[in-house]
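Student: I am new to this structure and would be grateful for a close look at a single part. Please explain how that part is arranged and what surrounds it.

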Amino acid sequence: MNTSYHIVVCAGVVPDPLQALEPAPGPALKNEMLLPAVLDPWAAHALYEGARLAREHAGSRVWLVSLSPRVKLQQVMMSVAQKALFELVALDGPASGFTDSAEVAAALAEAIVTIPDLDRSRLLLFGGWESAARGAGATLQMVGERLGILDQFQGVDEVRVEPDGSLIILERIEGGRHQISRCAGPPAVLGWATGSLPEPPNQPQIGMQNMRGILPALQRARPVALPGEGLTFAGAWLPSQQRQTRVVKDLPAGEIAREIIAWIRG
Amino acid sequence: MERILLLLHAEDSGAVSRLELEAVTASRNLCCALTGAVWSVGLVGRHVGPAARRLAGCGAARFLSVSGEEFSVPRYASDAAAAEALVRAAGATLILAPATVRWNRCLAGVAQRLGGRVDTHVTRLEAEGSLVEARRWYYRQRMEATLRRSRRPWFVLLDPGCALPWSGEAGDVVIETVAAALPPAARRTTVIGSRASQAGEQTIRPDASLLFVAGAGWTKQQPDGKTHVDEAARLILEFVRKMHASLGSSKSLVDLAAEGQAVLPFLTHLHQVGQTGSTPRHPKGLATCCHGEEPHVVGWRFIAERRAVNLDPNCGWARGKADVVYVADAFAVLREILAQLDAQAG
């Protein structure tokens with residue numbers, strides 16, 4: 001049985017989570033192009049899990065499809081390229097959280113169907129189950145629908161290949177539980193939660209190998225406009241979150257314990 | 001004129017969750033506020049009768065259903081087929097649903113199928129004449145925005161807390177049965193079941209009144225120059241059990257576990273709170289040995305009262321992110337808490 005996979009990981013870039021965000025008219029992020037960016041954290045987990053699956057199943061290939069400002073994507077690729085082996089498919093467009101998921105999905109699906117040598121009968125479409133930008137958990141399902149994939153899973157933490165080629169998939173559900181499903185095999189959509197892999201260490205050799213394809217892919221990046229048709233924003237703002245913190249120093253542990261117990265029970 | 005359809009999954013018992021009842025109120029309120037709107041309920045499940053009777057007094061003009069064994073399974077293909085059939089049958093322009101895992105999994109795909117649009121993490125719906133305005137989160141609860149859409153159908157997934165739960169009389173209703181086609185291609189996935197996380201015990205309790213977060217500091221060297229991971233594990237678990245608290249963690253601590261280091265073995269990514277973790281909703285939260293950096297604290301958005309125990313008086317919690325920060329050794333504080341609880345019990 002052929003259990004090699006064509007794994008396509010959809011991944012955007014988002015502002016580094018340590019950065020303070022401010023809305024700007026549009027809406028947009030203030031100084032968005034100046035903020036340091038990272039690969040969307042959930043999509044990054046999807047990439048690491050995809051790379052592991054590809055390593056374990058000979059003949060598999062991994063593509064990373066990203067719709068992001070080309071300059072930002074190039075910066076992010078300098079580090080991501082050292083983490084896992086993949087081929088980049090780049091689209092040059094906005095990475096803002098305020099873009100519309102349907103328009104992003106249309107652009108991604110169009111890019112995916114034109115990947116040379118992609119065997120859609122072996123396709124595993126990976127991505128994050130949510131994003132750190134739009135946070136929607138919507139784009140991947142729409143891409144899957146556009147590609148005619150009816151087996152979709154979200155909040156995935158584990159995928160296991162059975163001897164008959166079927167996939168055992170664990171998805172997060174309510175109450176800290178995992179739903180376990182058996183899918184007959186690809187094609188399937190897997191929106192990853194955190195999976196089980198830590199961030200891989202930098203591997204300069206993989207980085208060198210990736211960069212040979214990444215730079216031409218960035219050069220070829222097709223511009224994509226996302227007009228937000230029929231979508232009107234009335235406003236965007238930061239929710240108030242500043243508290244008046246009482247800092248308690250030099251209080252014996254016993255006193256602190258008493259105060260905490262009273263507070264919990266209060 | 002908006003034709004609103006509220007989608008719900010029906011339990012055999014007729015039980016309707018708080019999140020679903022909140023969505024009932026939101027639908028009802030929106031319909032009342034919108035000029036010329038009508039609303040219906042669409043139920044999906046094995047047997048929908050008990051749930052429909054439970055909601056009889058909610059004011060919906062119609063109750064539609066897709067029912068049968070195939071539709072009791074929480075599976076994308078069958079849930080999407082059911083939702084698609086209900087939306088078509090109702091001629092719905094605005095489709096609301098509670099943000100359950102099942103609806104979150106499939107409704108964006110249904111929106112795509114029907115040429116519509118979708119918004120998730122919606123916290124409020126308001127009407128102005130015949131216009132609908134949705135308020136929702138962006139950037140993982142770090143920014144909010146209000147928006148309108150002209151494209152229909154518009155699918156909206158409602159976050160918890162969007163309205164008060166509906167309560168009303170049960171009664172008899174007329175249920176219109178809708179047929180949903182499930183081709184062989186939609187049966188390639190079989191749901192085997194579910195299981196608790198492999199944390200050894202159920203430490204995630206969504207109904208708990210307290211969230212207890214363990215940070216990476218629990219695994220660091222203590223004043224005697226050694227780590228005390230075993231004691232940390234014992235203290236944390238004992239506290240969580242005695243206080244019936246929900247256990248959370250920071251990403252850094254969970255990552256240490258994933259890297260194979262000898263750390264708190266009961267913590268997994270499921271416990272992770274923050275940017276790449278969960279955003280739990282508890283009335284109170286206590287953070288220990290955790291710096292309170294922004295990527296973690298965004299997961300505390302819906303924790304009303306926050307306290308922290310940390311050795312660093314300048315940690316993130318002290319900079320306006322917690323109500324109280326105790327500058328103290330968390331080991332000592334937890335030992336004292338457990339001793340005092342024992343004394344009170346004994």
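**A pair of strands and the sheet around it**

Tutor: In this predicted model, A:V156 faces A:E171, a residue of β10(A). The two strands concerned are β9 of chain A, residues 152-161, and β10 of chain A, residues 167-173, and they pair in the antiparallel sense over five bridges. In general, the strands of a sheet are paired through backbone hydrogen bonds, and the pairing may be parallel or antiparallel.

Both strands belong to an open sheet of 10 strands with mixed pairing. Its order is β13(A)-β7(A)-β6(A)-β1(A)-β8(A)-β12(A)-β9(A)-β10(A)-β11(A)-β10(B). The edges are held by β13 (222-223) of chain A and β10 (189-196) of chain B; each has a single partner strand, so one side of each is left without a neighbour in the sheet.

A helix also packs on this sheet: α2(A) touches β6 and β7 of chain A, and its direction makes about 155° with that of β7(A). The helix comprises residues 70-80, and its buried residues are A:K72, A:L73, A:V76, A:M77 and A:V80. These residues lie on the same side of α2(A) because they cover an arc of only 135° around the axis. The general background is that an α-helix has 3.6 residues a turn, so residues three or four places apart point the same way. On the face of α2(A) turned away from its buried side are the exposed residues A:V71 and A:M78. The buried residues of α2(A) pack against several elements of chain A, namely β2 (13-15), β5 (37-39), β6 (61-68), β7 (87-92) and α5 (204-220).

Chain A and chain B are also joined by another strand pair. Strand β14 of chain A (residues 231-237) and strand β7 of chain B (residues 143-149) pair in the antiparallel sense over six bridges, with A:L231 standing opposite B:R149. Within chain B, β7(B) is in turn joined by five bridges to β6 (residues 131-138), and these two strands run antiparallel. There, B:R136 has B:A145 as its bridge partner. The hairpin of β6(B) and β7(B) has four residues between the strands, and B:Y139 takes a positive phi near 50° in this hairpin.

As for the setting of these chain B strands, the chain contains eight helices and 15 strands. Of its 346 residues, 54% are buried.

Conventions:
Residues are numbered from 1 along each chain as its sequence is written. Chains are lettered from A and ligands numbered from 1 in the order in which they are written. This is a predicted model: local features need pLDDT of at least 70, side-chain atom pairs count only at pLDDT 80 or more; totals for chains, interfaces and linings use all residues. A residue is buried if 20 or more other C-beta atoms lie within 10 Å of its own, exposed if 12 or fewer, and partly exposed in between; C-beta atoms are placed from the backbone. The arc is that of the directions from the helix axis to the C-beta atoms. Two residues are in contact if their C-beta atoms, placed from the backbone, lie within 7 Å. Two strands pair if DSSP finds at least two bridges between them. Axes are lines fitted to C-alpha atoms, for helices over the stretch in contact, and angles run from 0 to 180 degrees between N-to-C directions.
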